[in-house]
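Here's a quick walk through one protein chain, from its overall make-up down to a few ring contacts. Have the model open while you read.

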Amino acid sequence: MKLMEENMKLRQHIFKMNGDSLTGMLLSQGVLSDTSFSYDWAKVIKNSLNTTHNYIVINKGRNHGITEDMGVVTPNGVVGIIRAVGKNHSYILSFLNQKQQISAKLGDNITFGPLSWDGNSIGYATLNEIPQHVPVSPGDTIYTSGYSSFFPPDIPIGIAESSKIVNGMHRAVKVKLLQDFRLLDYVIIVKNNHFKEIDSLSGKIITE
């Protein structure tokens, strides 16, 4: 019994070290400096990859302060958004889900648009609605735009590989994702400390 308890404590210590290390990586990049957000970490215990509506389950829930509509990221990109919470586990709508899209920007440019999974390869997404006059070069980095209640700005998401004009109006950019979803282990949970206020204002504007 004592050996089992010691093993459990050791495992929890390793979990904490890995989670803290992951958060530290983003801190070192300067990404988590925005005090509008606070952060926690969790371990992935289930990760769907084989459908068009993939999901992820993590080992933290309501008892750990997790709520719906929190973003989930890694130092290599956006993982998804929490959509259901139990006492000790949470369900994430994966970025690899055709119902999911996020606001992303092109390099250091202020140009942004919706980024969504292409529905085919788990390694690629498409950045849409980029004005056709905006130059796109292979190797340009795609970041979170910050125009979202779920994610802070400037988290690197992927690398532009190519682009094409769609309907004679906008560019669609093929993006190679930095995060390999097959390797997800620990993730960072993002809490927008002003989410309720922003959401209530949005609701008020819509209803008036």
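What follows covers the fold first, then strand pairing, then the aromatic rings.

Keep in mind that this is a predicted model. The protein chain comes to 2 helices and 12 strands, and along the sequence they run α-β-β-β-β-β-β-β-β-β-β-β-β-α. Of its 208 residues, 41% count as buried. Among contacts with a separation of 6 or more, 57% link residues 24 or more positions apart. On the outside, the chain exposes about 11500 Å², with carbon and sulfur atoms supplying 53% of that area.

Now for some strand pairing around β9. Strand β9 (residues 141-144) pairs with β6 (residues 102-106) in the antiparallel sense, over 3 bridges. Here Leu106 stands opposite Ile142 of β9. Strand β9 also pairs with β10 (residues 156-166), again antiparallel and over 3 bridges. In that pairing, Tyr143 faces Pro156 of β10 as its opposite residue.

On to the rings. There are 4 aromatic pairs in the structure. What makes the pair of Phe150 and Phe151 tilted? Their planes sit at 55 degrees, with the ring centres 6.3 Å apart, so the pair is called tilted: stacked would need planes under 30 degrees apart, and edge-to-face over 60. Both Phe150 and Phe151 are buried.

Two tyrosine rings have a lysine over them, as listed here.

| Lysine | Ring | Distance from ring centre |
|---|---|---|
| Lys43 | Tyr186 | 4.8 Å |
| Lys174 | Tyr124 | 4.7 Å |

For Lys174, the part sitting over the ring of Tyr124 is the charged end.

How values were computed
Residues numbered from 1 in each chain as written. Predicted model: local features only at pLDDT ≥ 70, side-chain atom pairs only at ≥ 80, totals over all residues. Heavy atoms only, no water. Phe/Tyr/Trp six-rings, centres within 6.5 Å; stacked < 30°, edge-to-face > 60°. Buried < 20%, exposed > 50% of the residue type's maximum accessible area, 1.4 Å probe, protein only. Lys NZ or Arg CZ within 6 Å of the ring centre and 35° of its normal. Pairing = 2+ DSSP bridges. Helix = DSSP H or I, 4+ residues; strand = E, 2+ residues; numbered from the N terminus. Contact = heavy atoms within 4.5 Å. Areas by Shrake-Rupley, 256 points an atom, 1.4 Å probe, with all protein chains shown as cover.
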